[in-house]
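Please open the model in a viewer and keep the selection panel at hand. The tour below proceeds stop by stop, stating at each one what to select and what is found there.

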Amino acid sequence: MKTDKCDVVVVGFGNAAQAAAYSAHGAGAKVVVLEKAPERKRGGNTWFSSGAQFRHAHDGLADEKPLLPHISDDEFEKIDLDPYTKDDFYSDMMRVTRGKAVPELVELLVNESHPTVEWMRGAGIQWEILYTGSVPEGDRFRWHHGQSFIHSKDGGAGLVRMWQRILEDSGVEIRFDTAAVRLTIDDKGGIGGIVTQDSEGLMEIQCNGVVLACGGFQANPAMRRQFLGEGWDLGKVRGTKFNTGDGIQMALDIGAQPFGHWGGTHTTPIDANAGEYEAGFLDPANLRNRTHRYAWSLGIMVNAEGLRFIDEGEDFHAYTYAKTGAEIVKQTGSVAYQIFDAKVEEAVNRHRYHGAIPIVADTIRELAEMLEINADVLAGTVDRFNDAVREDRPFDEAIRDGRATEGIYPPKSNWCQKIDTPPFTSYAVAGGLTFTYGGLRVDTNCQVINKQDRPIGGLFAAGELTGGFFYYNYPSGSGLMRGAVTGRIGGRNAAG
Ligand SMILES: Cc1cc2nc3c(=O)[nH]c(=O)nc-3n(C[C@H](O)[C@H](O)[C@H](O)COP(=O)(O)OP(=O)(O)OC[C@H]3O[C@@H](n4cnc5c(N)ncnc54)[C@H](O)[C@@H]3O)c2cc1C
């Protein structure tokens, strides 16, 4: 086998790997980056992160301004942004993960979030204001508490391009179309190198450190069936087809400890017409038509039987969207229908249902027939919902308005309005699998832990394949933030 040498090998070429490579290089290491995908398909799920939101702790606008030096004071004047403190971020993480997330890992994510977006800005990543996450009020913009405020310029594709330029300008070597296939260990059980495979065959790169940043197992139907259960092998994957659990498997093969919520996924409501892979877009060659369908809290969602099955107003979609897709997967045919009336048309439009094919009708019965749902059942569902809506509070999208239902199950806890104003519009949605939660155990140095609870010498992990951060659910914008934080720390420590 051919051999090669460097200090640190970074596996993957998404945001976590890119941060790791930049960080290891900055710490003085000679770094080689391996990307399994060909260059035109590079960037993993990061490339698909159309919103490219980065949830991070901040003390309000004054804290955010230095991240956005190209934004004028006049523009900032129109923005109302409450602080999102470390305590807020920490408690959101713990609340949505039902207290299961590992406190030290959550503290790491939270405490390092703002320093890391600053570090990325220093590296050359350009931030923009996430206006699509705001609620406009006249000429002012409000962000609900906890909604991410910034995104990287030109979304995930822009982020990958910016990181690539930064790494190439730094002289970091990137090998596209080259997969990591096996880790090699030294006498002490630590990393000795890594075996790679490209069109020419196998090569061993001897190195002191490896950062595994090559994603979860969401694009591996066999692992999905094994760890997520019945029906998941047939799902729709929102992102790259290259995240097939390779890094997790390679590490387990040398004694790493499996960790986290192996049966848990980030799965969101997406257009039912999306494809099997790259389903974040209706057509990945046309980036205009994104498939996220996140306006359901403005109406109701029913299954093919015409029945509601979740609390559509449980919380802002930022805190529920990642678990709602899995509820859709459980329904007959793994499909559901979001139903809105004319009152909320403008608000639904703000959610950018690009390329969606709405079914529109003047009556609920007519809508049911078009959706091939039993009309008596759907009309009954809508009547019961309308009768249960409490109208004693004003409707306000920007806060948890407490405008709830009374006396029905499942309840709808916020943003209730009667569905009574034609035309009625429905969108068919499926569950789109973003990434898996289970992975490798890491400590706060992002070093991989073995089955005897000891760190594996020279082995680090970053991004999607780290277990212990997310269980059951996930607050929006935390995946890229986790990748950047763990990549930055893992890369620096891998450099020694
Ligand atoms: C449609 C969509 C929208 C999203 N929006 C957001 C958002 O707004 N905010 C947010 O925080 N998160 C978002 N996410 C989630 C986010 O994309 C991921 O959490 C994050 O990108 C994961 O980064 P990563 O670097 O760990 O993995 P990835 O970006 O997936 O990178 C993994 C890399 O590893 C490579 N690889 C795999 N196997 C091998 C191997 N054997 N050898 C070499 N390379 C290999 C892959 O090709 C890829 O380059 C979104 C995801 C999707 C799909």
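Which residue follows α14, and what is the sign of its phi? The residue is G496, and its phi is positive, near 85 degrees.

Two conventions apply throughout. Residues are numbered from 1 along each chain as its sequence is written. The model is predicted: local features need pLDDT of at least 70 and side-chain atom pairs count only at pLDDT 80 or more, while totals for chains, interfaces and linings use all residues. Helices (H or I, at least four residues) and strands (E, at least two) are DSSP runs, numbered from the N terminus.

**Stop 1: the six-stranded sheet**

Select the strands in the order β9-β3-β2-β13-β25-β24; these six form an open sheet with mixed pairing. Pairing here requires that DSSP finds at least two bridges between two strands. At the edges stand β9 (173-175) and β24 (447-449), each with a single partner strand, so one side of each is left without a neighbour in the sheet. On average, neighbouring strands of this sheet are turned by 30 degrees against each other, direction ignored. For angles such as this, axes are lines fitted to C-alpha atoms, for helices over the stretch in contact, and the values run from 0 to 180 degrees between N-to-C directions.

Next, restrict the view to β2 (residues 8-11) and β3 (residues 31-34). These strands run parallel and are joined by four bridges. V8 has V31 as its bridge partner in β3.

Add helix α1 (residues 15-26), which packs on the sheet and touches β2, β3 and β13 (209-212). Its direction makes about 165 degrees with that of β2. Contact between two residues means that their C-beta atoms, placed from the backbone, lie within 7 Å.

**Stop 2: helix α14**

Select residues 478-494. This helix, α14, lies across β2, β13, β24 and β25 (455-461), and runs at about 165 degrees to β13. From its first C-alpha to its last, the 17 residues of α14 reach 23 Å, close to the 24 Å expected at 1.5 Å a residue. The expected span is 1.5 Å times one less than the number of residues. α14 is mostly covered, with 17 of its 17 residues buried. A residue is buried if 20 or more other C-beta atoms lie within 10 Å of its own, exposed if 12 or fewer, and partly exposed in between, with C-beta atoms placed from the backbone.

**Stop 3: strand β22 and its partners**

How many of the 13 residues of β22 are buried? Select residues 424-436: twelve of the 13 are buried, so β22 is largely enclosed by the rest of the structure. The partner strands may then be added one at a time:

- β14 (residues 236-237) runs parallel to β22 and is joined to it by two bridges; V237 is the bridge partner of L433.
- β16 (residues 265-271) is antiparallel to β22, with seven bridges; I270 is matched with A430.
- β20 (residues 336-340) is also antiparallel to β22, through five bridges; I339 is matched with S426.
- β21 (residues 359-361) joins β22 by three antiparallel bridges; V360 is matched with T425.

Now move to the loop between α13 (375-388) and β22, where P410 is found. Y409 and P410 are joined by a cis peptide bond with omega of about -10 degrees. P423 is found in the loop between α13 and β22 as well, and the bond joining P422 and P423 is cis, with omega of about 0 degrees.

**Stop 4: helices α5 and α6**

Select α5 (residues 86-96) and α6 (residues 103-123). They pack at an angle of about 145 degrees, and their axes are 9 Å apart. The contact is made by K86, F89, Y90, M93 and M94 of α5 together with V106, E107, V110, N111 and S113 of α6.

In the loop between α5 and α6, select R98. Its phi is near 55 degrees, a positive value in a residue other than glycine. R98 is exposed, with 10 other C-beta atoms within 10 Å.

**Stop 5: R352**

Finally, go to the loop between α11 (345-350) and β21, where R352 lies. The phi of R352 is positive, near 55 degrees, in a residue other than glycine. R352 counts as partly exposed, with 17 C-beta neighbours inside 10 Å.
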